[in-house]
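User: I am new to this structure and would like a close look at a single part of it, with the surroundings explained as you go.

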Amino acid sequence: MKISLRRINDSYLFETKNERGDIVLLDNKSEEDPRGSSPMDMILRGIAGCSSIDVVMILRKQHHELQDLRVEVEGFREDGAIPNVFKKIHLEFILEGDVPPAKAKRAVELSMDKYCSVAKMLEKAAEISYSVQLNGEKVD
């Protein structure tokens, strides 16, 4: 895996590119009009994406297709700390489809507790929690 970064303005806007040529803009969120995600935003996007790929893959192997999958991620940082790392991260998985609730919950558990590389890396620094909704109902 390899990423290249280049500065594209006279402030904090950067273009990052992976080996396939996919581009993501990074910017400083304290700028007046940021044009890209902050690096800390990207971490939250990473855990959402990684876990979602797992959930879809796990449910497909069980012959369950989701009609929709959304994840709301909230990261909590310690005010004034330097470096200001995430101390807690919570993910709310919002699933829609003809999937048994136990299977939906288990797919999320497997991702978060075993398969999601981003979650496994971040859990060394932050407390990670998650919850699951299926078809508008909370799954316990």
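User: In which loop is H63 found?

Analyst: This is a predicted model, and in it H63 is found in the loop between helix 1 and strand 4. The backbone of H63 has a positive phi of about 65 degrees, although the residue is not a glycine. Most residues other than glycine have a negative phi, and most peptide bonds are trans. As for its surroundings, H63 counts as exposed because its relative accessibility is 73%, and exposed means over 50%.

A positive phi is also found at N135, where the angle is near 55 degrees in a residue that, again, is not glycine. N135 lies in the loop between strand 6 and strand 7, the latter covering residues 137-139. With a relative accessible area of 38%, N135 is partly exposed. Among the residues in contact with N135 is L95, whose other contacts, leaving aside neighbours within four places in sequence, include V55, L66, D68, L69 and A104.

L95 also leads from the loops to the interior, for it is one of the residues that touch the most other members of the largest nonpolar core, a group that also includes I47, V55, I89, L91, F93 and M112. That core has 27 residues, and the elements that give two or more residues to it are helix 1 (39-61), strand 5 (86-96), helix 2 (101-115), helix 3 (117-122) and strand 6 (127-134). Helix 1, one of the two elements that border the loop of H63, supplies the largest share of the core, namely seven residues.

Strand 4, which covers residues 68-77, stands on the other side of the loop of H63. Between strand 4 and strand 5 there is a further loop, and P83 is found in it. The peptide bond from I82 to P83 is cis, with omega near -5 degrees.

Two cysteines can be added to this picture. C50 counts as buried because its relative accessibility is 16%, where buried means under 20%, and C116 is buried as well, with a relative accessible area of 0%. The structure holds zero disulfides.

Finally, there is a side-chain contact to consider at N18, which is found in strand 2 (residues 14-18). A polar atom of the N18 side chain lies 2.9 Å from the backbone nitrogen of D22. Leaving aside neighbours within four places in sequence, N18 is in contact with K2 and I3.

Key
Residues are numbered from 1 along each chain as its sequence is written. This is a predicted model: local features need pLDDT of at least 70, side-chain atom pairs count only at pLDDT 80 or more; totals for chains, interfaces and linings use all residues. Side-chain values use heavy atoms; hydrogens and water are left out. Helices (H or I, at least four residues) and strands (E, at least two) are DSSP runs, numbered from the N terminus. A polar contact is a pair of N or O atoms within 3.5 Å; within protein, one must be able to donate a hydrogen and the other to accept it, and residues adjacent in sequence count only if both atoms are side-chain atoms. Contact means heavy atoms within 4.5 Å. A nonpolar core is a set of buried Ala, Val, Leu, Ile, Met, Phe, Trp, Tyr and Cys residues joined through side-chain atoms within 4.5 Å. Buried means under 20% relative accessible area, exposed over 50%, partly exposed in between (1.4 Å probe, protein chains only). A disulfide is a pair of cysteine sulfur atoms within 2.5 Å.
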